[in-house]
Amino acid sequence: MPDLGKYADAVLSAYAVSILLLVAIVGLSVWRGRRVRAALRDVEAQQDG
């Protein structure tokens, strides 16, 4: 790990926040995708029967 000097706290916290945001975005995308897929399944089931 490079020596960040007096900026280590700021840089590392920025990395941590960025990683958390990326994980949250991916998680929300997966969650929404599952919801939309389930809704589509329901609509298709209503049309079939």
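## Exercises on a one-helix chain

Of the 49 residues in the protein chain, 0% count as buried, where buried means under 20% relative accessible area, exposed over 50%, and partly exposed in between (1.4 Å probe, protein chains only). Keep in mind that this is a predicted model, where local features need pLDDT of at least 70, side-chain atom pairs count only at pLDDT 80 or more, and totals for chains, interfaces and linings use all residues. Residues are numbered from 1 along each chain as its sequence is written, and side-chain values use heavy atoms, with hydrogens and water left out.

**Exercise 1.** Work out how many helices and strands the protein chain has.

*Solution.* Start with the rule: helices (H or I, at least four residues) and strands (E, at least two) are DSSP runs, numbered from the N terminus. Applying it gives 1 helix and 0 strands. Next, look at the extent: the C-alpha trace spans about 65 × 15 × 5 Å along its principal axes.

**Exercise 2.** Decide whether Y15 is buried or exposed, and find its helix.

*Solution.* First, place Y15: it's in helix α1, residues 8-48. Then check the accessibility: Y15 has 54% relative accessibility, so it counts as exposed.

**Exercise 3.** Do the same for Q47, then find how far its C-alpha atom is from that of G27.

*Solution.* Q47 also sits in helix α1. Its relative accessible area is 64%, so Q47 is exposed. Now for the distance: Q47 and G27 are 20 residues apart along the chain, and their C-alpha atoms are separated by 31 Å.

**Exercise 4.** Find what lies over the face of W31.

*Solution.* Here's the test: a charge sits over a ring if NZ of Lys or CZ of Arg is within 6 Å of the ring centre and within 35 degrees of the ring normal. R35 lies over the face of W31, at 4.8 Å from the ring centre.
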